[in-house]
Amino acid sequence: MSKLSKEQLDEINSFSAERLLKWTFEHYGKQVAIGTSFQKTGTVIIDITSRVVDSFRVYFVDTLRHPESTYEFIKSVEARYNIDVEILKPDTEELQQLNNQQGQWGHLFSAKERKRCCQVRKINPARRLEADLEAVVSGLRADQSAFRAANMKKAYYENREDGGHILKINPMFEWTEADLDDYIAENDVQIHPLYDYESEHGEKYKVIGCGTCHFPVQPDRPARSGKFPWERSEKECGLHYKDGGGI
Ligand code: SF4
């Protein structure tokens, strides 16, 4: 399938989340999939999509380090929306090499080693699937970081490390956390049970991912402070990519 023209991209960038999801799945069919780690945004994307098209693909990258509750939540989402989530796993040989090199906890000791772990467990499995897709739907939002707000859009072509490209669809790009919460309440969307957790110090999860790298934070802390809290600036796994770096 040929790339969309600038005019087509401009047009779909003006669509609402619902219209954009309907257009995307009608246009690309099996050549597009929702990539999600089953945080709020991804779950709302699945809910909206289920209302506007009959069938759609969803994939989850199983890094083998997610909390047990994530795997249980995926089963409940599959049952509720009558879908089969495609579970992607790290390559066995690459994982063995990584473990030989950094051991079980090496990813906690430097940004370089953490990125190496993300590459093998998360990015490579996703890239293998995405190589056969025209487009991928993800949950990037403008309010997640100043960089995303300034550089990303609802729909754009993402250049890949290998010189290829893929159409990135971010239907919730203009939604805020409050918009998501309103939609979840109004539509009775079931969300990941870890959002209900509260530590004895009042900390709650704002980001959910691998258990060794995502933590609950105080209510007044930014969401991304709960991700790789030992890193001051490097907060990206590299799954979303622009101009040679993770975003
Ligand atoms: S988030 Fe942490 S455990 Fe998960 S792949 Fe990245 S470094 Fe590894």
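**Note on the nonpolar cores, the cavity and the ligand**

1. In this predicted model, the largest nonpolar core has 39 residues, and of these Phe38 and Ile46 touch the most other members. Set apart from this core is another one, made up of nine residues, with Ala33, Tyr59, Leu129 and Leu133 among them.

2. Ile46 deserves a second look in the viewer. When its neighbours within four places in sequence are left aside, Ile46 is in contact with Ile34, Thr36, Phe38 and Phe56, and also with Val58, Val77, Tyr81 and Ile83. Phe38, one of these partners of Ile46, is also named with Ile46 as touching the most other members of the core.

3. As for enclosed space, the structure holds one cavity of 30 Å³ or more, and the volume of the largest cavity is about 80 Å³. Its lining is formed by Thr63, Arg65, His107, Cys117, Cys118, Arg121, Lys122, Cys210, Thr212, Cys213 and Phe228, which by class gives five nonpolar, three polar and three charged residues.

4. Where does the ligand sit? The ligand is placed in the largest cavity, and the residues around the ligand are Arg65, His107, Arg114, Cys117, Cys118, Arg121, Lys122, Cys210, Thr212, Cys213 and Phe228. Sorted by class, this shell has five nonpolar, two polar and four charged residues.

5. The two lists should be read side by side, since they are not identical: Arg114 is among the residues around the ligand but is not in the list of residues lining the largest cavity, whereas Thr63 lines that cavity and is absent from the residues around the ligand.

Terms used
Residues are numbered from 1 along each chain as its sequence is written. This is a predicted model: local features need pLDDT of at least 70, side-chain atom pairs count only at pLDDT 80 or more; totals for chains, interfaces and linings use all residues. Side-chain values use heavy atoms; hydrogens and water are left out. A residue is near a molecule or strand if one of its heavy atoms lies within 4 Å of it. On a 1 Å grid over the protein atoms alone, a cavity is a set of points where a 1.4 Å probe fits but cannot get out, and a pocket is an open set with protein on both sides within 12 Å along at least five of seven lines; lining residues have an atom within 4 Å of a point. A molecule sits in a cavity or pocket if more than half of its atoms lie within 2 Å of its grid points. Ala, Val, Leu, Ile, Met, Phe, Trp, Tyr, Cys and Pro count as nonpolar, Asp, Glu, Lys and Arg as charged, and the others, Gly among them, as polar. A nonpolar core is a set of buried Ala, Val, Leu, Ile, Met, Phe, Trp, Tyr and Cys residues joined through side-chain atoms within 4.5 Å. Buried means under 20% relative accessible area, exposed over 50%, partly exposed in between (1.4 Å probe, protein chains only). Contact means heavy atoms within 4.5 Å. Grid points are joined across faces, edges and corners, and a volume is the space filled by probe spheres set on the points.
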